[in-house]
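Please examine the fold shown below, strand by strand. The paragraphs that follow begin with one pairing and work outward to the sheet and the core.

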Amino acid sequence: MPPKKNKVVKKKALKRKVVKKKAAPKKAAKRKPAAKKAVAGKPREKGKVIGLITHYFPKVNAGVLKLKAPLAVGATIRIKGHTTDFTQNITSMELDHVVISSAKKGQEIGLLVDSRVRQHDVVYKV
């Protein structure tokens with residue numbers, strides 16, 4: 001007698017509908033206002049920003065300063081940049097090769113500096 005073959009019965013899989021429960025909306029946590037922090041990479045400096053260095057002439061030790069605030073001869077300034085950080089008194093300023101004693105906001109002036117300065121150095125009034 002030959003061996004009996006088992007019949008494989010295929011049953012249809014019952015499809016079940018999965019019902020997902022809707023999650024309750026999350027309540028927003030109350031946060032305290034954060035204290036103002038310095039901008040990343042730019043710590044706050046003492047003094048008021050009065051301008052930026054736009055050019056430097058090494059042979060005559062002069063820098064071109066784009067003013068954001070008025071400035072006069074005799075004022076004390078601090079020039080700060082990536083490799084620059086010094087304080088000096090203003091002894092000489094020029095506008096279009098003419099010596100001046102004070103300058104207004106928006107002007108680009110020539111300024112004698114004690115040390116090397118670079119483009120984008122920030123100038124503060126101390």
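Strand 4 and strand 10 run antiparallel and are joined by four bridges; two strands are taken to pair if DSSP finds at least two bridges between them. Strands, like helices, are DSSP runs numbered from the N terminus, with at least two residues (E) for a strand and at least four (H or I) for a helix. Within this pairing, Ile 77 has Lys 125 of strand 10 as its bridge partner. The model is a predicted one, in which local features need pLDDT of at least 70 and side-chain atom pairs count only at pLDDT 80 or more, while totals for chains, interfaces and linings use all residues. Residues are numbered from 1 along each chain as its sequence is written, and side-chain values use heavy atoms, with hydrogens and water left out.

Strand 10, residues 122-125, also pairs with strand 1 in the antiparallel sense, over four bridges. Here Lys 125 of strand 10 is the bridge partner of Lys 48. On strand 4, a further antiparallel pairing, over five bridges, leads to strand 5. These two strands form a hairpin with four residues between them, and Lys 80 is bridged to Asp 85 in strand 5.

A second hairpin is made by strand 1 and strand 2, again with four residues between the strands; in its turn, Asn 61 has a positive phi of about 50 degrees. Six bridges hold this antiparallel pair, and one of the bridges links Phe 57 to Ala 62 in strand 2. Elsewhere, strand 6 (residues 93-95) and strand 7 run antiparallel and are joined by three bridges, with Met 93 having Ile 100 of strand 7 as its bridge partner.

How do these pairings fit together? Eight strands form an open, antiparallel sheet in the order 5-4-10-1-2-9-6-7. Strand 5 (85-89) and strand 7 (98-100) each have a single partner strand and stand at the edges, so one side of each is left without a neighbour in the sheet. From one strand to the next, the twist averages 35 degrees, with axes taken as lines fitted to C-alpha atoms and angles running from 0 to 180 degrees between N-to-C directions. The chain as a whole has 10 strands and zero helices.

The largest nonpolar core contains 20 residues, and Leu 65, Leu 71, Ile 77, Ile 79, Met 93 and Ile 109 touch the most other members. Such a core is a set of buried Ala, Val, Leu, Ile, Met, Phe, Trp, Tyr and Cys residues joined through side-chain atoms within 4.5 Å. Strand 1 (48-57), strand 2 (62-67), strand 4 (76-80) and strand 9 (108-112) each give two or more residues to this core, and strand 1 supplies the largest share, three residues. Leu 71 touches Ile 50, Leu 65, Ile 77, Ile 90, Met 93, Ser 102, Ala 103 and Ile 109, when residues up to four places away in sequence are not counted. In soluble globular proteins, nonpolar side chains tend to be buried together.

Over the 126 residues of the chain, 23% count as buried, meaning under 20% relative accessible area with a 1.4 Å probe and protein chains only. The chain exposes about 11300 Å², of which carbon and sulfur atoms supply 57%; accessible areas come from the Shrake-Rupley method with a 1.4 Å probe. Among contacts (heavy atoms within 4.5 Å) between residues at least 6 apart in sequence, 60% join residues at least 24 apart.

Key: Buried means under 20% relative accessible area, exposed over 50%, partly exposed in between (1.4 Å probe, protein chains only).
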